[in-house]
Amino acid sequence: MKKTKELSNFFYSQYFADGLRITIGCIVPILVSAAFGKFLLGTYISLGALLVGLSDTPGAPSHRRTGMIACLIVCILTQFITFLANGNIWIMSIVIGSLCFIYSMFAVFNARAATVGSMGVLIMLIYVDDVMSFQEELMLLFYFTLGAVWYMLISFSITQARPYRLAQQELSETVRHVGDFIRLRANFYDSKMSIDDNYSKLIDKQIEVHEHQENVRDLLFQSKRSIKDTTKIGRYLTLTFNDIVDLFEQAMTTHYDYELIRKEYAHTGILKDFKHLLFKIANELDHLAYQLNANRAPKPLYDFKPDIEAILKSIDEIEKKESLNTIPLKKILISIRNITVFIHNIYNYAVIRPNNIKKQEIEEASKFIQTEHIDPRKFKDNLSFDSSIFRHALRMAIVMASTYLVLNLPFFNIGTMGSYWVLLTIMVILKPGFGLTKERNFQRLLGTIIGGVIGAIILMTVHSEIARFIILIFFFLIAYSLFRVNYIMAVMFMTPYVLIMLSFSGMNTFEVAKERIFDTFLGGMIAFLSSYIIFPNWESFQIKNSVRQLLIANYKYVAQAVRILSGEEITVTSYKLARKELYIASANMGSTFQRMLSEPKWRQKSTKEVNRLVILNHILSSYGATLLTQLTEATETNYTKEHLTLLKKILTNVSKSIEAIPLKDSESFTPVTDFPEITPETLDPEESKLITEQLQFLNKISSDLYKSTLDVMEKESSINPQQIEMVNG
């Protein structure tokens, strides 16, 4: 995608739309109040818009509405408690510890509840050092509520006016990431690229694809209106998403033994043709994503038919001249052609009446949605040191309360902003896992230093208040547009915006800048050390559970081959549900491994083994998808005894891997025992041979996977037997 198109794509994106919505919600009250000479009043109102706006994360309209109302209630209640406790550092310390613990525990419900909890902590920190009269406190509560209601009116109005815009933007992001996934897949056909390194990048990208797919599901399928809607746009987005998910799986089925493929065919030059074609497909998906984002009628960029025909001709020539078995090449080409068919269908949906197209998985969309109700029992069940969220909440409570108490002792000079910056830095940086805390610490410190320098330069060179205010609006907009995309850049823009804002109140902004940088450094150090010392949450404690869940999901996915061999007709819905569970487990495993890599070296005793296990699992699921596609497309209904024997071995190897990871309160697992009787072979010999080769490769991978699982268990058990016993219960 060209730089100009990337830039315009950002301005069409949901991230910029979120930033613009929050900016309008916050800046308009300031402008109106400033016009009446009440600038400070405008900042109080904009605070309500800001916090409720930050809680307005993407999701179904009903979920967003509930989240914003919950945020308003939590923030009002928190302000009231904070106002009552202010003035006595001992009572305030207890309040900070209690509220930080309770609000951090909100994460047990879902991500939206966790965000609401964070806003509750934030509003407490904003007023933590202020002592006011009862009348002033009531007025602040009124102004906050006014700003929150103002923002909600903006958000609800946009949702009503453009009900599908958020889903359209999220779908565009999904398509773009699928294009990146295919681009990485194309690198396997380049002999110069490292296969293992490319697998690592591919797994990381798969995590991103899954996250965006889940967001689109939430936006489109939480409402029956989206599924049954008679409007063209609603049905078009639903069908497009369905085909993009299928396209993504088809991209995974273009998986083969790449070392063998390179060895057999690299000298022919055909692999370069595959890579070039996959790159064109990725570019087409980028083009489609841009058009979706820009709300334009999608029109194709390429015609893939000539490329496919040219590659097929080249394969035939290789077969004649080299006397090589070209069936694998033809199968790869068929998979790629199927991808282009999905793209063609998506473009067709834009010109035909999509309401007449019926798909079983769309009609049964509710089965694909993870509905998470607020269940108080979850809170109670997580009040245990076995819960990483409980340990994080306890750590947050202890660190925040003790830091506030120490900084407010008489012999401490805590500066013009009180303990606010230090506590805010701890709140933002301190995460459940050490790896996330370390990463966010670096990002916040670097962004604050660079932003502080930028802010100081602006204040020294720009003397016009109007010019400063325009710059403030620009920085505010960009900061909150980048908040979910690039945290360093967001902080870089946020710091000068805060300094410019404070300059209007008559504060010495250079002193504030130095104070903010120092406080950020101090808060970062406290957060970093506490994640090391106070109830640390190492990923090695979680790794076994993630591995077991991934193995079970992979087993269930591949086990569908048994049902196919039995002659049972697998419904599209049941197949896609198994596939979805596998994607979720793969994403969770990949995320856990990424966090594990950022932990101290002395904790990373099984990194190499876990990395190999993750790659083998990815190969198993990708090749499993290839096998299932091959079986469902086979022209006959009966298969050979060799096929069944190999499948039994594959499932046995995976089953042994699962049983090698016994965990207390883990998901129950029952292996398949009902295998079909196989009648004499009736498959086409070439078709049968290819299925046999695929099963043989899967058998090798599943055997390696079992060995890799044992290696991980051996390494993890050697870290600290007492810790392992504690985790296992």
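How many residues does helix α18 have, and how far does α18 reach from its first C-alpha to its last? I took this up as the opening entry. The model is predicted. Helix α18 runs over residues 388-407, which makes 20 residues. I find a reach of 28 Å between its end C-alpha atoms, close to the 28 Å expected at 1.5 Å a residue. I then looked at how the helix begins. S387 caps the N-terminal end of α18. A side-chain oxygen of S387 lies 3.3 Å from the backbone nitrogen of I389.

**Entry: cysteines**

I looked for disulfides and found zero in the structure. Why is there no bond between C71 and C75? The sulfur of C71 has its closest cysteine sulfur in C75, at 3.9 Å, which is too far for a bond. Seen from C75, the closest cysteine sulfur is that of C71, again at 3.9 Å. The cut-off I applied is 2.5 Å between sulfur atoms, so a pair at a greater separation is not counted as a disulfide. I also noted burial for both residues: C71 has a relative accessibility of 0% and counts as buried, and C75 is buried with a relative accessible area of 0%.

**Entry: salt bridges**

I searched the whole structure for salt bridges and obtained 14. I looked at R64 and D56 and found a salt bridge with the closest N and O atoms 2.8 Å apart. Both residues of this pair, R64 and D56, are buried.

Next I went to R183. The side chain of R183 meets that of D180 in a salt bridge, 2.9 Å from N to O. Both residues belong to helix α8 and sit three residues apart, about one turn of the helix. R183 and D180 are buried.

Which residue besides D180 did I find paired with R183? D286 forms a salt bridge with R183, with 2.7 Å between the closest N and O atoms. D286 lies in helix α13 (residues 270-293) and R183 in helix α8, so this pair ties together parts 103 residues apart in sequence. D286 counts as buried, at 7% relative accessibility. Following shared partners, I could join D180, R183, K205, E208 and D286 into one network of salt bridges.

**Entry: pairs distant in sequence**

I stayed with helix α8 (residues 165-186) and turned to A186, which lies in it. A186 is buried, with a relative accessible area of 0%. I took the separation of the C-alpha atoms of A186 and L278 as 5.6 Å, the two residues being 92 apart along the chain.

I repeated this for I318, in helix α14 (residues 305-322). Is I318 buried or exposed? I318 is buried, with a relative accessible area of 9%. Its C-alpha is separated by 8.7 Å from that of I270, 48 residues away along the chain.

**Entry: nonpolar surface**

I looked for nonpolar surface and noted a patch of about 530 Å². Which residues make this patch? They are L20, I24, V28, V32, F36 and W150. Helix α2 (residues 14-35) gives the largest share, four residues. I checked W150 separately and placed it in helix α7 (residues 134-161). W150 is partly exposed, with a relative accessible area of 31%. The cut-off for patch residues is over 30%, so W150 passes on this count.

Terms used. Residues numbered from 1 in each chain as written. Predicted model: local features only at pLDDT ≥ 70, side-chain atom pairs only at ≥ 80, totals over all residues. Heavy atoms only, no water. Patch = residues over 30% accessible without salt bridge, like charges linked within 9 Å, V, L, I, M, F, W, Y side chains within 5 Å. Areas by Shrake-Rupley, 256 points an atom, 1.4 Å probe, with all protein chains shown as cover. Salt bridge = Lys/Arg side-chain N within 4 Å of Asp/Glu carboxyl O. Helix = DSSP H or I, 4+ residues; strand = E, 2+ residues; numbered from the N terminus. Buried < 20%, exposed > 50% of the residue type's maximum accessible area, 1.4 Å probe, protein only. Expected span 1.5 Å × (residues − 1). Polar contact = N/O pair within 3.5 Å; in protein donor to acceptor, adjacent residues only side chain to side chain.
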